[in-house]
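This briefing covers one protein chain, going from its overall fold to a pocket, a helix pair and two single residues. The sequence and structure come next.

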Amino acid sequence: MSLNSLRVAGLVANAGKSHCKFIQNARHLSSSGPAAPARPVRQAVTKEERAARRAARKEQASAVISNKGAVSGEAAKSAGPSFDASRMGWYAAVIIPTALIGWGIVDDDSPLAQLSRMVGLTDAIEEYAVPSR
């Protein structure tokens, strides 16, 4: 029994109850067809056909690999050393602020520590760090 037919049976069984809002749709749901689409039937393939398809796939794969190797070899010769700007950007975005914050923590006379004192961040941090007892 499909889920759709169970739903329709429940709607029909509850037809006499006043809280059943979907009884008008019960007849439409029962005629809506199968709940899941049918799977396509696989065609029988002969051994010769299977061997021919396998050989075609092997040829196609070797052609792709040989073209890929030739293209990448030529590109490597002409491009020179590789440089990944996005990776360097991420490194700079993490390392530079970390180094500045570390410098501000270690050296009280650094520009970042002076800025922190002017803004009031140092006082707030020290107030937070003092024990409450």
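The points below are grouped by topic and refer to a predicted model.

**Overall fold**

- The secondary structure consists of 6 helices and 0 strands.
- Along the sequence, the pattern reads α-α-α-α-α-α.
- The protein has 133 residues, of which 8% count as buried.

**The largest pocket**

- The volume of the largest pocket is about 330 Å³.
- Its lining is made up of 13 residues, and those closest to the centre of the pocket are Gly104, Ile105, Ser116, Thr122 and Ile125.
- Three elements each give two or more residues to this lining: helix 4 (85–106), helix 5 (111–119) and helix 6 (121–129).
- Helix 5 provides the largest share of the lining, with 5 residues.
- Sorted by class, the lining holds 7 nonpolar, 3 polar and 3 charged residues.

**Helix 4 against helix 5**

- The axes of helix 4 and helix 5 cross at roughly 75 degrees and come within 7 Å.
- Helix 4 is therefore roughly perpendicular to helix 5, since angles of 65 to 115 degrees are classed that way.
- On the helix 4 side, the residues in contact are Leu100, Ile101, Trp103 and Gly104, and they meet Pro111, Leu112 and Ala113 of helix 5.
- The contact between helix 4 and helix 5 comprises 6 nonpolar residues, 1 polar residue and no charged residues.
- Gly104 appears in this contact and is also listed among the residues closest to the centre of the largest pocket.

**Serine 116**

- Serine 116 lies in helix 5, the element with the largest share of the pocket lining.
- Serine 116 counts as buried because its relative accessibility is 17%, and the limit for that class is under 20%.
- Leaving aside residues up to four places away in sequence, serine 116 touches Leu121 and Thr122.
- Of these contacts, Thr122 is, like Ser116, one of the residues closest to the centre of the largest pocket.

**Aspartate 108**

- Aspartate 108 sits in the loop between helix 4 and helix 5.
- With a relative accessibility of 51%, aspartate 108 counts as exposed, because that class begins over 50%.
- With residues up to four places away in sequence left out, aspartate 108 touches Ala113 and Arg117.
- Ala113 is also one of the helix 5 residues that helix 4 meets.

Terms used: Residues are numbered from 1 along each chain as its sequence is written. This is a predicted model: local features need pLDDT of at least 70, side-chain atom pairs count only at pLDDT 80 or more; totals for chains, interfaces and linings use all residues. Side-chain values use heavy atoms; hydrogens and water are left out. On a 1 Å grid over the protein atoms alone, a cavity is a set of points where a 1.4 Å probe fits but cannot get out, and a pocket is an open set with protein on both sides within 12 Å along at least five of seven lines; lining residues have an atom within 4 Å of a point. Grid points are joined across faces, edges and corners, and a volume is the space filled by probe spheres set on the points. Helices (H or I, at least four residues) and strands (E, at least two) are DSSP runs, numbered from the N terminus. Ala, Val, Leu, Ile, Met, Phe, Trp, Tyr, Cys and Pro count as nonpolar, Asp, Glu, Lys and Arg as charged, and the others, Gly among them, as polar. Axes are lines fitted to C-alpha atoms, for helices over the stretch in contact, and angles run from 0 to 180 degrees between N-to-C directions. Angles under 35 degrees count as roughly parallel, over 145 as roughly antiparallel, 65 to 115 as roughly perpendicular and the rest as oblique. Contact means heavy atoms within 4.5 Å. Buried means under 20% relative accessible area, exposed over 50%, partly exposed in between (1.4 Å probe, protein chains only).
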